[in-house]
Amino acid sequence: MALTGTERLQPVGRRLPRHHRITVEFGMPLHWSQPQPEMRPAQARRAATDQIVRAIGALPGQEDADVYGATPDAVAHHP
């Protein structure tokens with residue numbers, strides 16, 4: 001699911017939202033099979049997360065994040 005228009009609904013720094021139209025877009029359902037036996041649970045979770053992030057990024061109006069799942073400090077130093 002992707003939301004667009006939220007930056008106009010409540011811009012950064014505003015205490016109260018303003019009236020504005022937002023759009024909710026649903027992508028195709030995602031399906032997962034059982035992870036490979038040699039795959040650790042953390043690896044399986046990361047693979048599923050990567051698939052979800054790619055699917056959201058493919059929806060209209062979504063910007064590529066380049067980095068996700070990192071600490072704020074790591075994102076601040078990302079080139």
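**Two salt bridges and a nonpolar patch**

Guide: Searching the whole structure turns up two salt bridges. This is a predicted model, in which local features need pLDDT of at least 70 and side-chain atom pairs count only at pLDDT 80 or more, while totals for chains, interfaces and linings use all residues. Residues are numbered from 1 along each chain as its sequence is written, and side-chain values use heavy atoms, with hydrogens and water left out.

Visitor: What makes the pair Glu-7 and Arg-8 a salt bridge?

Guide: The term asks for a side-chain nitrogen of Lys or Arg within 4 Å of a carboxyl oxygen of Asp or Glu. In this pair the closest N and O atoms are 3.4 Å apart, so the pair meets the 4 Å limit.

Visitor: Why is Glu-7 called partly exposed?

Guide: Buried means under 20% relative accessible area, exposed means over 50%, and partly exposed is in between (1.4 Å probe, protein chains only). Glu-7 has 48%, so it counts as partly exposed. Its partner Arg-8, at 42%, is partly exposed too.

Visitor: How do you know that Asp-50 and Arg-46 form a salt bridge?

Guide: Their side chains meet at 3.1 Å, N to O, which is within the 4 Å cut-off and therefore qualifies.

Visitor: Where do Asp-50 and Arg-46 lie?

Guide: Both are in helix α2, four residues apart, about one turn of the helix. Helices here are DSSP runs (H or I, at least four residues), strands are runs of E (at least two), and numbering starts from the N terminus. Asp-50 has a relative accessibility of 23% and so is partly exposed, as is Arg-46 with 43%.

Visitor: Which residues make the nonpolar surface patch?

Guide: Met-1, Leu-3, Ile-22, Val-24 and Phe-26 make it, over about 490 Å². Accessible areas come from the Shrake-Rupley method with a 1.4 Å probe, and for residues only the protein chains shown count as cover. Patch members need over 30% relative accessible area and no salt bridge; like charges are joined within 9 Å, nonpolar side chains (Val, Leu, Ile, Met, Phe, Trp, Tyr) within 5 Å.

Visitor: Why does Val-24 count as partly exposed?

Guide: Its relative accessibility is 41%, so Val-24 falls in the partly exposed class. Val-24 is found in strand β2 and touches Met-1, Ala-2 and Leu-3, leaving aside residues up to four places away in sequence; contact means heavy atoms within 4.5 Å. The C-alpha atoms of Val-24 and Met-1 are separated by 6.9 Å, with their positions 23 residues apart along the chain counted as the separation.

Visitor: What makes Phe-26 exposed?

Guide: Its relative accessible area is 61%, so Phe-26 passes the 50% mark. Phe-26 lies in the loop between β2 (23–25) and α2 (41–57). Pro-29 lies in that loop between β2 and α2 as well, and at 58% it counts as exposed.

Visitor: Which pattern does the protein follow along the sequence?

Guide: The pattern is β-α-β-α-α, with three helices and two strands. Of the 79 residues, 8% count as buried.

Visitor: Where is confidence lowest, and where highest?

Guide: The lowest mean is 56, in helix α3 (residues 72–76), and the highest is 89, in β2. These are pLDDT values, the predictor's confidence in each residue, from 0 to 100. The protein has a mean of 80, and 76% of its residues reach 70 or more.
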